[in-house]
Structure formats: structure tokens, C-alpha cells
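The questions below ask how particular terms come to be applied to a structure, and the replies set each value against its criterion.

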Amino acid sequence: MMTWKNILFQDAMSPIMFHLIFFHELIMIIIISIISIILYFIIIMSKNKFYCNKIIDHQILETIWTILPLMILFILAVPSISLLYMTDEIKSPNLTIKSIGRQWYWSYEYPQFKDLKFNSYMIKPELMELNDFRLLDVDHRLILPSNMKIRLLTTSNDVIHSFTVPSMGFKMDSIPGRINQSSFISLIPGIFFGQCSEICGMNHSFMPIVIELISKPLFNKWLMNIN
């Protein structure tokens, strides 16, 4: 059963998000280690009353504190560049989806299926059912197949919006007159929540995103029923 904790802090459900979390944890370990070492030296120096002339113009020491930060930056640069290319890579997608941001709801189109398009509005609190989540559920969810590579195109019909689903690891600006694209793949079926992450007007916080990922046979059945 899904709880409020699952809604606020959904686990990563795509390979890119797994790598993003790993990279974040790596950075935090390095930062905490550096801060701990600096605090240790500050405490030692504050308690030590001795003075050493050998550290003045110490070439080896200066070499160490020059090379060590370069090594740390290199350790961070390699996974950072790798992640950058992973997020921008769009190779052989199985399905293409187009989202259009509007004030204040989302429109979805399936370009590979003729005339398959619909609007997605937030469910009003007075119309909510027992299992609906306040300010997060919509009347028409974006139905997609799991374990398939999906290309997502996004644009806007009026002002700048932002199509964001944290558990999938993507955030794209929806800009009028421009189409941005990204790709993702979910390893397991599930329901994933997101919101517009750009301040787009008075009802900015009332245009949620709900992606429901189902198995491929169920997706084919849904296509037949909706057509």
C-alpha cells in the first residue's frame, strides 16, 4: 500500500536515477571527509603552541596540496561527464510521447498512434476518492509500458513550464516554440508522481504529473480499449 512517505520520497525507478543517487552519495562522502580533516587540523593547531620552521617553503607539502584537489576533481569529473551523456542520450526509443504544458494542466499525445491524445487535470479535492492523493492525482494518467525505452518530447502552449518526475530522474523545461527531449526507462511497473517545477503563474502548484507504468500486454490492451 502506498503511503504519504512513498509520495514525498519515491525511490529511484530508472537506471539514470540510480546513477544520480550514487553520484550524490559519492560527492557527500568526499565533502564530509574533507570537512572532517580540516576540522581535525583546526583543532590540532588551536591546541598546539609549538612553531615549526620546516613547513615554510616546503615544496613537497605544496605539491601534495596542489595535486590532491586535482585528483579529487578528476574523480568527480569522470562520473559527472558520464551522467551528462547518459541523460542526453536518445538511442532507438521504443515509444515516443509528447507532453504540452498549458495554464494549468498537461496535454499528452502519442504520435505513433493516430488521434491518441488527452488532457490531464488535477483532481479537485471535493471530487477526490479514497485512494487519490491530494494535489497530486489527475483524472487521466500518462499510461506507458514498463521496461521499454521511452522518448519524451515536451513543449508549451503559453508560458515556460517544467516537466519533472524525480523518481525517473528527469526534469525538462517546456518552452513555447521549442521542443525539448529526453528518454527514460523504468525497470518495474508502478505509479510515479511529479509536478511542474517552473513558476508558471497563479495555479503553478496545481498541475501535477502522474505516470503509470504497466506491463506491455496491459499497455496493448489499454490501447485497444481507448481506441
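**Reasoning from the model**

Q: In S2, which residue is the bridge partner of Ile 100?
A: The bridge partner of Ile 100 in S2 is Ser 107. The model in which this pairing appears is a predicted one.

Q: What makes S1 and S2 paired strands, and in which sense do they run?
A: Two strands pair if at least two bridges are found between them. Strand S1 (residues 95–102) and strand S2 (residues 105–109) are joined by five bridges, so the criterion is met. The two strands run antiparallel, and Gly 101 stands opposite Trp 106 in S2. The connection between S1 and S2 is a hairpin of two residues.

Q: How do you know that S2 also pairs with S3?
A: Four bridges link S2 and S3 in the antiparallel sense. The requirement is at least two bridges, and therefore S2 and S3 count as paired. Within this pairing, Tyr 108 stands opposite Phe 118 in S3.

Q: What makes S3 and S8 the edges of the sheet?
A: The open sheet has five strands in the order S3-S2-S1-S5-S8, with mixed pairing. Strand S3 (117–120) and strand S8 (180–184) each have a single partner strand, so one side of each is left without a neighbour in the sheet. On average, neighbouring strands of this sheet are turned by 25° against each other, direction ignored.

Q: Why is S2 called mostly covered?
A: A residue is buried when its relative accessible area is under 20%. Four of the five residues of S2 are buried, and therefore the strand is described as mostly covered. For the chain of 227 residues, the buried share is 33%.

Q: Why is Ser 183 called buried, and what is it in contact with?
A: Ser 183 lies in strand S8. Its relative accessibility is 5%, which is under 20%, so Ser 183 counts as buried. With neighbours within four places in sequence left aside, Ser 183 is in contact with Ile 16, Glu 89, Ile 90, Lys 149, Ile 150 and Arg 151.

Q: Is Asp 137 buried or exposed, and how do you know?
A: Asp 137 sits in the loop between S3 and strand S4 (142–145). The relative accessible area of Asp 137 is 1%, which is under 20%, and therefore the residue is buried.

Q: What makes the pair Asp 137 and Arg 141 a salt bridge?
A: The criterion is a side-chain nitrogen of Lys or Arg within 4 Å of a carboxyl oxygen of Asp or Glu. The closest N and O atoms of Asp 137 and Arg 141 are 3.1 Å apart, so the pair qualifies. The two side chains also make a polar contact at 3.1 Å, which is within the cut-off of 3.5 Å.

Q: Why is Arg 141 called partly exposed?
A: Partly exposed covers the range between buried, under 20%, and exposed, over 50%. Arg 141 has a relative accessible area of 23%, and therefore falls in that range.

Q: How do you know that Arg 141 and Glu 212 form a salt bridge?
A: Their closest N and O atoms are 3.4 Å apart, which is within 4 Å, so this pair is a salt bridge. The pair links distant parts of the chain: Arg 141 is in the loop between S3 and S4, whereas Glu 212 is in strand S10 (residues 208–214), 71 residues apart. Glu 212 counts as partly exposed because its relative accessibility is 22%. Asp 137, Arg 141 and Glu 212 are thus linked in a network of salt bridges.

Q: What makes Asp 173 and Lys 171 a salt bridge?
A: The closest N and O atoms of Asp 173 and Lys 171 are 3.9 Å apart, and the limit is 4 Å, so the pair counts. Asp 173 is partly exposed, with a relative accessible area of 30%. The structure holds three salt bridges.

Q: Which residues are covered by the annotation "transmembrane region", and what is their secondary structure?
A: The unreviewed UniProt entry places this annotation on residues 20–43 and 64–86. In the model, residues 20–43 are 100% helix, with end C-alpha atoms 35 Å apart. Residues 64–86 are also 100% helix, and their end C-alpha atoms lie 34 Å apart. The chain comes to four helices and ten strands.

Technical notes: Residues numbered from 1 in each chain as written. Predicted model: local features only at pLDDT ≥ 70, side-chain atom pairs only at ≥ 80, totals over all residues. Heavy atoms only, no water. Axes fitted to C-alpha atoms, helices over the stretch in contact; angles between N-to-C directions. UniProt positions renumbered as here; feature names shortened; annotations may be inferred. Buried < 20%, exposed > 50% of the residue type's maximum accessible area, 1.4 Å probe, protein only. Polar contact = N/O pair within 3.5 Å; in protein donor to acceptor, adjacent residues only side chain to side chain. Contact = heavy atoms within 4.5 Å.
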